Amino acid sequence: MTTLPTLALTLLAGSSNLVPAPMEPPRKIVIAHRGASGYLPEHTLAAKAMAHAMGADYIEQDVVLSQDDIPVVLHDTQIDTVTDVARRFPGRARQDGRYYALDFSLAELRQLRVNERIDPKRGTPAFKGRFPPGQSSFQIATLEEELQLIQGINKSTGREAGIYPEIKRPAWHRRQGHDISKIVLAILNKYGYRTKADKVYVQCFDFSELRRVRTELGCQCKLIQLLGDGGDECANHPHLMTPGGLLEVAAVADGIGPSIRQVVAGKSRADARITDLVNNAHAAGLAVHPYTARADDLPPFAASIEELLDLVLVRAGADGIFTDHPDRATAFIRDKRHPSSP
Ligand code: CA
């Protein structure tokens, strides 16, 4: 006769199929935005290692090309706000006064020192409380070096963090004779990121390029269409945010990456409103990963990053979040799922 404790043990061991395990909803994912960029200079290998240690599910890479077609991990095609390029290579700016990764060989880019992001208008750190500019020593990493780092930590810790590369300004690169998408996809393929089962999302603001990535370039990975709220050359797609536009996206991609303000609107906490975007995207079969939750740069409708995460992940129902503070987001999600755990 099976005693109750025995039955309980049997159920715990998963060897009984009489009682199905309670279905937990899919876990919300934490995407470390440019690494643990709230704590270390963005896109440095140190910031990526810290993000991994903080339990991020995915670690983001923004990718641009060097002059010799090596993908490097940098947020902007211009490199003057995060490196000492103006001091090291004076006279190499374009007519707009900016320095571009595409004008430097990898050997030259390797000579640069990476620093905490500077606001070009003010010449002061973009985020005041973050890692002090000019301290320690950081370099630009190639995409391959970063993938090797993440895969290495995956192996040494036994916990697999995924990657979340963004192809930056593909039309701009191609106008200058560089096919960034083709080059990036070849490297993803080399490192085993090939199918929807692999722990990778490929993201891009440029919808026509994302379609090309899926069709002409044959990428089978999960794809994310980024949605901007204005400004950038290919970042503003009001049409793609409509129910019809989202169906067009769903024919190509697996999800969208809108800005947080496209998911929650409002000028104050009392005024916070959930928009239709997440529901409409889910109706089209798309996952939603908004950007960017920052503990030190909150929208007016949230008084803390936890309040912001509650609005975006719980109330709006987004499936994941880009954040500069992956420790805060992983703790928030753990506490929501297991409120009684320490
Ligand atoms: Ca990005």
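In strand S6, Glu166 is the bridge partner of Asp62. This pairing comes from a predicted model. Strand S2 spans residues 58-65 and is joined to S6 by 6 bridges. The two strands run parallel.

Strand S6 covers residues 162-167, and 6 of its 6 residues are buried. The strand is therefore largely enclosed by the rest of the structure. In a regular strand, side chains alternate between the two faces of the sheet. Gly162, Tyr164 and Glu166 point one way from S6. Ile163, Pro165 and Ile167 point the other way. Both sets are buried.

The paired residues Asp62 and Glu166 also serve a metal site. Together with Glu60, they are the protein donors of the calcium ion. Glu60 and Glu166 each contribute OE, while Asp62 contributes OD. These donors lie 2.2 to 2.3 Å from the ion. Along the chain, their spacing reads E-x1-D-x103-E. Glu60 is buried, as is Asp62. Glu166 is buried too.

Thr83 sits in a loop. This loop runs between strand S3 (71-73) and helix H3 (85-88). The relative accessible area of Thr83 is 6%. Buried means under 20%, so Thr83 counts as buried. Its side chain makes polar contacts within the chain. A polar atom of the Thr83 side chain lies 2.8 Å from the backbone oxygen of Ile79. The side chain of Thr83 also reaches the backbone nitrogen of Val85, at 3.2 Å. Contacts further along the sequence were examined as well. With neighbours within four places in sequence left aside, Thr83 is in contact with Leu112, Arg113, Val114 and Asn115, and also with Ile140.

Helix H7 comprises residues 180-190. Its buried residues are Ile180, Ser181, Val184, Leu185, Ile187 and Leu188. They cover an arc of only 160° around the axis, so they lie on the same side of H7. An α-helix has 3.6 residues a turn, so residues three or four places apart point the same way. Lys182 and Lys190 lie on the other side of H7, where they are exposed. Gly192 comes just after H7 and takes a positive phi of about 90°.

Methods:
Residues are numbered from 1 along each chain as its sequence is written. This is a predicted model: local features need pLDDT of at least 70, side-chain atom pairs count only at pLDDT 80 or more; totals for chains, interfaces and linings use all residues. Side-chain values use heavy atoms; hydrogens and water are left out. Helices (H or I, at least four residues) and strands (E, at least two) are DSSP runs, numbered from the N terminus. Buried means under 20% relative accessible area, exposed over 50%, partly exposed in between (1.4 Å probe, protein chains only). A polar contact is a pair of N or O atoms within 3.5 Å; within protein, one must be able to donate a hydrogen and the other to accept it, and residues adjacent in sequence count only if both atoms are side-chain atoms. Contact means heavy atoms within 4.5 Å. Donors are N, O and S atoms within 2.8 Å of the metal (3.2 Å for Na, K and Ca); water is not among the atoms, so sites may look incomplete. The arc is that of the directions from the helix axis to the C-beta atoms. Two strands pair if DSSP finds at least two bridges between them.
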